[in-house]
Amino acid sequence: MAKSVVILGSGNVATHLGRMFQQMNLSIECIWSRTLEHAQQLADEVDAYAYTNDIMSVPVADFYIIASSDSAIASIARSLPCVSPESVLLHTSGSTDMAVLSKFEKYGVLYPCQSFSKGVSFDYNNIEWLIEGNSPMTLAEVESLVSAMPHKSITKADSAQRRTLHMAAVWASNFTNRMLVEAYDIMSTAGLDPHLLDSLIRQTVDKALSADPRSAQTGPARRHDDVIMQMHKELLADNPQLATLYDIVSNRISNDY
C-alpha cells in the first residue's frame with residue numbers, strides 16, 4: 001500500500017528527504033515551513049504543495065517528518081494538531097530525544113548519519129540510517145518506510161545511543177572539516193596553493209577507513225619528534241589559539257603512543 005508523507009521543514013535534510021521520497025514515487029502531501037519562499041522552492045522541486053504559518057492546516061498523511069533545526073522540533077510538535085492515531089510522527093535529529101514527540105500516539109526517529117547540503121548531490125545508497133519507535137509496532141512501520149528508501153544500513157538505536165553517535169559524528173565530520181579549513185588557511189597565508197594538500201587528505205581518509213584511524217596515525221607527535229613540533233609551534237607564534245590547539249592535539253597523539 002502506498003504511503004503518504006508531510007515534510008515539516010525546508011532545509012538541507014528536508015530537501016534531500018524530499019528528493020528521496022520523490023525518487024520512490026512516495027506521495028508528498030505538502031512541504032511546511034515558517035518561510036513560504038523556502039517551502040515553495042522545495043515544494044516546486046518535489047511536486048508538492050507549500051504551506052506556511054498555519055501548521056494546523058497541513059493535510060492528513062501516514063508519516064509526518066519534522067526535518068528542522070534541533071531547537072525547533074519541540075515547538076513544531078507542540079503546534080501540530082493531534083494527527084490520526086494511525087499516523088506516525090518522526091523527527092530526523094541525532095541529538096534530540098524521541099520523547100519530545102510523546103503527545104502523539106505513534107512517534108519515533110528517522111536519523112540519517114550524514115552531512116547534507118542543498119546544492120551538493122549525494123549517493124543516497126551510502127546513508128546509514130538510525131531508527132527508533134515508541135512501540136514495537138511503530139518501530140516496524142518506521143523500519144518498513146526506511147527499508148524502501150536508499151540506504152547502506154539500518155540500525156535500531158535508542159535516544160541515548162543516538163546522542164553519542166551524533167557527538168562522535170561532530171568529531172569525525174565537523175571537526176575534521178575545521179582542521180582542513182585551518183590547513184588551507186595556513187597554506188594560503190604562506191602563498192601556497194591549498195590544493196597541494198588534496199592528495200594527502202584523500203590518502204589519509206582512505207587509510208583510516210581501510211584499517212582503523214589509530215593504526216594509520218603518522219606524524220611528528222606519533223614519532224615523539226619534539227624538535228619538529230617546536231618548529232611548528234614557532235611558525236604559529238602569531239596565532240596563539242591555533243598554537244594551543246596544535247599542542248592539545250599533539251599531546252593526545254603522543255600520549256596514545
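This passage describes the strand order, helix packing and selected residue environments of a predicted model.

The central element is an open sheet of eight strands. Its order is β3-β2-β1-β4-β5-β6-β7-β8, and the pairing is mixed. Strands β3 and β8 (153-156) form the edges, each pairing on one side only. From one strand to the next, the twist averages 25°.

Strand β1 spans residues 4-8 and β2 spans residues 27-32. The two run parallel and are joined by five bridges. The connection between them passes through helix α1 (residues 12-23), and this β-α-β crossover is right-handed. Within this pair, serine 4 has serine 27 in β2 as its bridge partner. Valine 5 stands opposite isoleucine 28 in β2. On its β4 side, β1 is again paired in parallel: four bridges join β1 to β4 (residues 63-66). Here leucine 8 faces isoleucine 66 across the pairing, standing opposite it in β4.

Burial of β1 is complete by residue count. Five of the five residues of β1 are buried, so the strand is largely enclosed by the rest of the structure. In a regular strand, side chains alternate between the two faces of the sheet. In β1, Ser4, Val6 and Leu8 point one way. Val5 and Ile7 point the other way. Residues on both sides are buried.

Strand β2 continues the parallel arrangement towards the edge. Three bridges join β2 to β3 (residues 49-51), and these strands run parallel. The chain reaches β3 from β2 through helix α2 (residues 36-46), and this β-α-β crossover is also right-handed. Tryptophan 32 stands opposite tyrosine 51 in β3.

Further along the sheet, β5 (residues 88-91) and β6 (residues 107-112) run parallel and are joined by three bridges. Leucine 89 stands opposite tyrosine 107 in β6. Helix α5 (residues 159-189) packs on the sheet. Its contacts include β5, β6, β7 (128-133) and β8. The direction of α5 makes about 20° with that of β6.

The loop between β6 and β7 contains asparagine 126. This residue has 40% relative accessibility, so it counts as partly exposed. Leaving aside residues up to four places away in sequence, asparagine 126 touches Gln114 and Lys152. Its C-alpha atom is separated by 8.1 Å from that of serine 153, although the two residues are 27 residues apart along the chain.

The structure holds zero disulfides. Two cysteines illustrate contrasting environments. Cysteine 30 has 0% relative accessibility and therefore counts as buried. Cysteine 113 has a relative accessible area of 24%, so it is partly exposed. The cut-off for buried is under 20%.

Helix α10 (residues 240-256) includes serine 254. At 15% relative accessibility, serine 254 falls under the 20% limit and so counts as buried. A polar atom of its side chain lies 3.1 Å from the backbone oxygen of alanine 221. Serine 254 also touches His224 and Met229, as well as Ala221, when residues up to four places away in sequence are not counted.

How values were computed
Residues numbered from 1 in each chain as written. Predicted model: local features only at pLDDT ≥ 70, side-chain atom pairs only at ≥ 80, totals over all residues. Heavy atoms only, no water. Buried < 20%, exposed > 50% of the residue type's maximum accessible area, 1.4 Å probe, protein only. Polar contact = N/O pair within 3.5 Å; in protein donor to acceptor, adjacent residues only side chain to side chain. Contact = heavy atoms within 4.5 Å. Pairing = 2+ DSSP bridges. Right-handed = clockwise from strand over helix to strand, strands pointing away. Axes fitted to C-alpha atoms, helices over the stretch in contact; angles between N-to-C directions. Disulfide = S-S within 2.5 Å.
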